[in-house]
Amino acid sequence: RQTQWHLNAIADSHITPTQRFLINHGQMLEAAGYNGDDMNVLAAQPAAERTFVLTHGQTLKAAGYNGYAMNDLAAQPAAERTFVLTHGQTLEAAGYNGDAMNDLAAQPVVQQTFVLANAQTLKAAGYNGYAMNRLAAQPAAEQTFVLTHGQTLEAAGYHSYAMNGLAAQPVVQQTFVLANAQTLKAAGYNGYVMNRLAAQPAAGRTFVLTHGQTL
């Protein structure tokens, strides 16, 4: 019996800190959505970051996080982690994944506030978290344009990134698209191509509107 104890002690002394972390916490991390690669990465992160994940892994999983995104969040400042823990499930319900939440957590408070106030409206217009983050960084007038016309544009075949692009174009170009989007959609146009057409001279736009479906 003493010999067995001695052999176990020798074996235990050869276990690396990383191996010991995985032995102690591997099942818990797997239950939180971790795969082996992400566990290995976490095991090499500072102790405070590992503790954050072990404490909040299930909460983050419920907000749509995978292990990769949890590891990244654990390395972000405390205020950003708190933002995610506070708003994660709300954002997940609006179409966010963990990576997009991490990005939003690092953006200015005014941009976070915009997203939290308008996320469901933007989701209804086809936005995902990454596109919402980009829109949140655009000027207020551009945000208002999307909030006002987003669902109309989505019905005309616009993708969220194309909406963000149109929002930054001159008003006269936006007006052209809003007036003609359904006609252009019927001619096979998507939002990106509509944006480019809106920036062309009037004669070019008229040609397309006249002959688009024939072509």
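**Packing of Gln173, helix 11 and helix 3**

Excluding neighbours within four places in sequence, Gln173 is in contact with Leu166, Ala198 and Ala199. The model analysed here is predicted. Gln173 belongs to helix 12, which spans residues 171–186. Because buried residues are those under 20% relative accessible area, Gln173, at 15% relative accessibility, counts as buried.

Leu166, one of the contacts of Gln173, is also among the buried residues of helix 11. This helix, formed by residues 160–167, is mostly covered, with six of its eight residues buried. Besides Leu166, the buried set comprises Ser160, Ala162, Met163, Asn164 and Ala167. The packing partners of these buried residues are helix 9 (129–136), helix 10 (140–155), helix 12 and helix 13 (191–198). The contact between Gln173 and Leu166 thus joins a residue of helix 12 to a buried residue of helix 11.

A further buried set occurs in helix 3 (residues 36–43), where Asp38, Met39, Leu42 and Ala43 are buried. These residues lie on the same side of helix 3, because the arc they cover around the axis is only 140°. Their cover includes helix 2 (17–31), helix 4 (47–62) and helix 5 (67–74). At the N-terminal end of helix 3, Asn35 acts as a cap, with a side-chain oxygen placed 3.2 Å from the backbone nitrogen of Asp37.

Technical notes:
Residues are numbered from 1 along each chain as its sequence is written. This is a predicted model: local features need pLDDT of at least 70, side-chain atom pairs count only at pLDDT 80 or more; totals for chains, interfaces and linings use all residues. Side-chain values use heavy atoms; hydrogens and water are left out. Helices (H or I, at least four residues) and strands (E, at least two) are DSSP runs, numbered from the N terminus. Buried means under 20% relative accessible area, exposed over 50%, partly exposed in between (1.4 Å probe, protein chains only). Contact means heavy atoms within 4.5 Å. The arc is that of the directions from the helix axis to the C-beta atoms. A polar contact is a pair of N or O atoms within 3.5 Å; within protein, one must be able to donate a hydrogen and the other to accept it, and residues adjacent in sequence count only if both atoms are side-chain atoms.
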